[in-house]
Structure formats: C-alpha cells, structure tokens
Amino acid sequence: MNNSGRCLLVILVMVGTLEMFNFCGADLTDDFTLVPLTESNFELQKPYDIPLDQGYSFVNGVHHLWVYGDDKPHDPSSHTQPRTEIQIKGLDYSSGVWQFEGYGFVPNGTSGATVAQIHGAAHGATTLILRIYDGDMRYYSRVLVATDLYDKWFSHDVDMGMVTVFIDGVQNFQVKDKGPGDLYFKCGAYAAPTNISYYMESRWRDIKIYKH
C-alpha cells in the first residue's frame, strides 16, 4: 500500500440553509461539531449470496471493501449493480450543514466504481455520486473532479443547496444539489451501470461525521 501522494478531498453539502461559509485558509471543520460514531452507525451492504468476509475486512483501522462485476446485488429483489458499501446509519438528514470525512484509497485497476455517495434527493435516488474511471474521479460518469488518484490516500469531507468538493484545500468542483430528501452518506465499491472493471475495490479509514 502506497501512502505517498496523500490529497485532501472535502465535500460540503448545504441543504435548506442560507448560511455562507468562507473556508479560505481555514480548517474545513472549524465551527463544526464532531458527531460520535459507534459500530451501530456502520451498516454493511454486500452481495446477498456471499458471506461478508468475501467482500469486506477491517484490519488495523482500515475498512477494505471489494466487489466483482458478476456479483449479485445486495438484495434478491434488487435490480441494482453489485456493491460492497458502508452506509452511515442513524444520521440521516434533510436540512443543515453536514460533512463526511474519511481517508480513501483506490488501487490501480479499479474503474467504473462509485467510491462515495450521498444517497437521497427530492428528485432521483442520489445527491452525489463520485466514481473512479481509470484513476480519475468523476461526478457520476461526466464532470471531472480530480485526476490521478490511483494508489493514493485521499480524504473525503462532506448544505444554500450546494455540494462543493475541495482537494488539498482548493475548490475543485461545485454543483447544485437535487433538493432536500432523506439523505445519508455511503462509501465503498459500487459498480457503475457500464464501463466497469471486473474487480473493484476501495479502502477507507478515519471516517468522521461533522454537523454545523
């Protein structure tokens, strides 16, 4: 595992608020409160027909999540793509300013995988999808967010109705959200509908939730 080249990815989600934040030269968690997390807040979703240890491990503080392109969905009645993901449970929100923070790592070869998302929206299933394609991070499969992220630890921090992405303290991407809903954070490896590698993996550590 290569820990060099660490880059800081911050996602701030503003839902139903007119508050403005100036993060220039500041810690992105200033004026935010750390929300305590326990094991009960981490719900694992994995292919329904395999044991958890065939797609997930937690060793030395690192969540290691992987999935194959021909794996089953997470539920027998689901028609979605295969996934092994962590869902942050018990902290759903529909207003306010929230941040998700966690160091992520995507190994070379993983492509077409959603590694982080904000599930829920007034219109559609998700507010934010961040996918890795050939080492680059994209908003869904379209807008480029960051490049050359293979084999590097990056940190992912997540209300005026905007989603903003920072890398190393610099704003890389901003988009209007999709309206208030029952929102929650997820991370892991979730296959995109098309153009995926057969094997997909991401690793996460030091996951934190902040609220303003």
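This passage describes the largest pocket, the aromatic pairs and a few individual side-chain contacts of a predicted model.

The largest pocket encloses about 160 Å³ of space. Its lining consists of Glu-39, Phe-42, Tyr-56, Phe-58, Gly-61, His-63, Asp-206 and Ile-207. Two strands, β4 (56–59) and β16 (199–211), each contribute at least two residues to this lining. By residue class, the lining comprises 4 nonpolar, 2 polar and 2 charged residues. The existence of such a space is established by a simple geometric procedure: rolling a probe the size of a water molecule over the atoms shows where empty space is left.

Aromatic side chains were examined next. Across the whole structure, 7 aromatic pairs are found. One of these joins Tyr-68 and Tyr-199, whose rings lie 5.3 Å apart from centre to centre, with 55 degrees between the planes, in a tilted arrangement. Tyr-68 has a relative accessibility of 29%. Because the partly exposed class lies between 20% and 50%, Tyr-68 is assigned to it. Tyr-199, at 28% relative accessibility, is likewise counted as partly exposed.

A further pair is formed by Tyr-93 and Phe-185, with ring centres 5.4 Å apart. The planes of these two rings meet at 35 degrees, and the pair is therefore classed as tilted. An angle under 30 degrees would have counted as stacked, and one over 60 as edge-to-face. In contrast to the partly exposed Tyr-68 and Tyr-199, both Tyr-93 and Phe-185 are buried. Tyr-93 and Phe-185 also belong to one aromatic cluster, which is completed by Trp-98, Phe-100 and Trp-204.

Two arginine residues are placed over the rings of tyrosines. Arg-83 is positioned over the face of Tyr-190, at a distance of 4.1 Å from the ring centre. In the second case, Arg-205 places its charged end over the ring of Tyr-103, 4.7 Å from the centre of that ring.

Finally, a polar contact was identified at Thr-127. This residue is part of strand β9, which spans residues 126–133. The relative accessibility of Thr-127 is 1%; since a residue is buried when this value is under 20%, Thr-127 is counted as buried. A polar atom of the Thr-127 side chain lies 2.6 Å from the backbone oxygen of Gly-120. Thr-127 thus combines a buried position with a side-chain contact to the backbone of Gly-120.

Conventions
Residues are numbered from 1 along each chain as its sequence is written. This is a predicted model: local features need pLDDT of at least 70, side-chain atom pairs count only at pLDDT 80 or more; totals for chains, interfaces and linings use all residues. Side-chain values use heavy atoms; hydrogens and water are left out. On a 1 Å grid over the protein atoms alone, a cavity is a set of points where a 1.4 Å probe fits but cannot get out, and a pocket is an open set with protein on both sides within 12 Å along at least five of seven lines; lining residues have an atom within 4 Å of a point. Grid points are joined across faces, edges and corners, and a volume is the space filled by probe spheres set on the points. Helices (H or I, at least four residues) and strands (E, at least two) are DSSP runs, numbered from the N terminus. Ala, Val, Leu, Ile, Met, Phe, Trp, Tyr, Cys and Pro count as nonpolar, Asp, Glu, Lys and Arg as charged, and the others, Gly among them, as polar. Rings of Phe, Tyr and Trp (its six-membered ring) pair if their centres lie within 6.5 Å; planes under 30 degrees apart count as stacked, over 60 as edge-to-face and the rest as tilted. Buried means under 20% relative accessible area, exposed over 50%, partly exposed in between (1.4 Å probe, protein chains only). A charge sits over a ring if NZ of Lys or CZ of Arg is within 6 Å of the ring centre and within 35 degrees of the ring normal. A polar contact is a pair of N or O atoms within 3.5 Å; within protein, one must be able to donate a hydrogen and the other to accept it, and residues adjacent in sequence count only if both atoms are side-chain atoms.
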